[in-house]
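Reader: I would like a close look at one part of this model, taken slowly. Please keep to the aromatic rings and what surrounds them.

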Amino acid sequence: MADTSAPLLSQTEDKDTSSHFSFDKIFEHSLSDFGLSQILQIILHCLDHTIYNPATSDICGIPRSAWDWDGGFNGKSVISEFDLQCSSSFLGGLPTSTFYVGSIFGGVVMAMIPDGFFGRKQLLFFTTLAMSITGISVYFSSNIWIYAFLKFVIGFMCALVGTYVFVLISERVFAKWSPRATMISFVLFVLGFMLLSGISYLFRHASWRAVYLCTSVPAAVYCIFLYLFAIESPRWLHLQGKNEEAIDVLKKISPANKGYLESVSIWLPSKEIPEQAHRYTLKDLFIRKWAFRRTLVVMIIMLGSGLSYYGVPLAVRDIKLNIYLSEALNAMVELPTFVITPILLEKFSRRSSVVVNCLLGGASGILCFSLSLFGMKNTAFTLELASFFCGRIQFNLMAVYMVELFPTCVRNTATLMLRQALVVAGACSPIIASVGRDVPSLPFTVFGLAMAGLGLFALLLPETKGSSLCDTMEAQEERDRALNTSQSCFK
């Protein structure tokens, strides 16, 4: 590396050339390769998905002293321990409901906190730690109300973890490798759900509290490794005026380019001190016309894909196949999407990938409804899997697209807004799926039309393939103007 740095230094002796060495160019040059150290950091950021992932006869007319749970089952579930078997459905579903309510409130509250107040790593550390400590506290809950409150807190913190992981990963790799790197977090997320099922099976004869301990304690231990070994986003550090720390992070990520980084770090343009720098907030996504339009369009698209992703598996019971087999296949079909998504992003444009995928997914849903009416259950189920498959790919595509549409200063906030659209879709999906009780398989048509129709809004978004990430709103606006000018020249 010493041989290559000498001529570089000779070329930069003239101070007039210092403007050519922007942090973005240094970032992309030093991280042009996707090495082992980056993969290890991505896995370290994503492990919280894998370690912690929290979601007869009429006996009510008989005195409680006249019966007991079979096989000593009392205390092994929330229902049996808190004697909810004869309570209202509201009380029985309260903990689950408060989890989702907490998730909604968490997304809204944290979206109001400017990205510059805390680092990506700090936010990930504190939210994961709070989530794990609350999970451990569930073990000591004495009644359903305390348990429901703790579930609310878990939902509040859980709403943020996935967003922080995704943004931190995307800002730690070269734009070319972003689609592949970000898919690692999704793979580990799915594996976490699969692992949770295995843990629940192993503790099926123990108290439900043991499952919380088994998932929360490792998450707390993980926080120690996160604090000690995880690296902050170099883009965020640069945005805060901490160029030396940003260069040090790049050296750790890409030690092979250490000589290059040392030679060009002195030419980085000076930054405002954090006290004087502009603090970007959620307000900036609404007062700037282009940012508001992108936020609204992305949320509309995610509402459609979220309805398909969450609702199609719920409606599969209308096809009247083996429910266990159908749910297992729906879970397995997610894994290939993490291989196909990077291929689509690298071979085709962002907009065309989103539009074609949503049309295929929507058509699959509509055909599933039509074929199920004629009793072609196996073919209809195949189309149901295809619709769900496209819904998952749509989510993967839009997650990467979202990162590229917004600059570093509001990327966390914008991504949280995307997640809020998914939460709304998840809340509406069971209601739409329940229509299938009266008109079997009709929900597939609703989900298909929502995915296809709302997905077409992607045509209103700018193409971002091949472009680097911007750090400020002004830099994003300048790049968009340059892109529009170049496109006008070709027309």
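Why does Phe388 count as buried?

Author: The model is a predicted one. Phe388 counts as buried because its relative accessibility is 3%, and the cut-off for buried is under 20%. The ring of Phe388 pairs with that of Tyr309: the centres are 5.3 Å apart and the planes stand at 10°, so this pair is stacked. Tyr309 has 14% relative accessibility and therefore also counts as buried. The pair joins distant parts of the chain, since Tyr309 sits in helix α14 and Phe388 in helix α18, 79 residues apart.

Those two helices also appear in the largest nonpolar core, which has 61 residues. Among the elements that give two or more residues to this core are α14 (289–315) and α18 (377–405). Helix α18 supplies the largest share, 16 residues. Met398 is one of the residues with the most contacts inside the core. Leaving aside residues up to four places away in sequence, Met398 touches Val298, Ile301, Met302, Val354, Leu418 and Leu461. A second, separate core has 27 residues, including Met131 and Tyr222.

Back to the rings: the whole structure holds nine aromatic pairs. One of them is Phe125 with Phe126, an edge-to-face pair with 5.2 Å from centre to centre and 70° between the planes. Phe125 counts as buried because its relative accessibility is 14%. Together with Tyr227, Phe125 and Phe126 make up one aromatic cluster. Over the face of Tyr227 lies Lys121, 5.6 Å from the ring centre.

Terms used: Residues numbered from 1 in each chain as written. Predicted model: local features only at pLDDT ≥ 70, side-chain atom pairs only at ≥ 80, totals over all residues. Heavy atoms only, no water. Core = buried A, V, L, I, M, F, W, Y, C linked by side-chain atoms within 4.5 Å. Buried < 20%, exposed > 50% of the residue type's maximum accessible area, 1.4 Å probe, protein only. Helix = DSSP H or I, 4+ residues; strand = E, 2+ residues; numbered from the N terminus. Contact = heavy atoms within 4.5 Å. Phe/Tyr/Trp six-rings, centres within 6.5 Å; stacked < 30°, edge-to-face > 60°. Lys NZ or Arg CZ within 6 Å of the ring centre and 35° of its normal.
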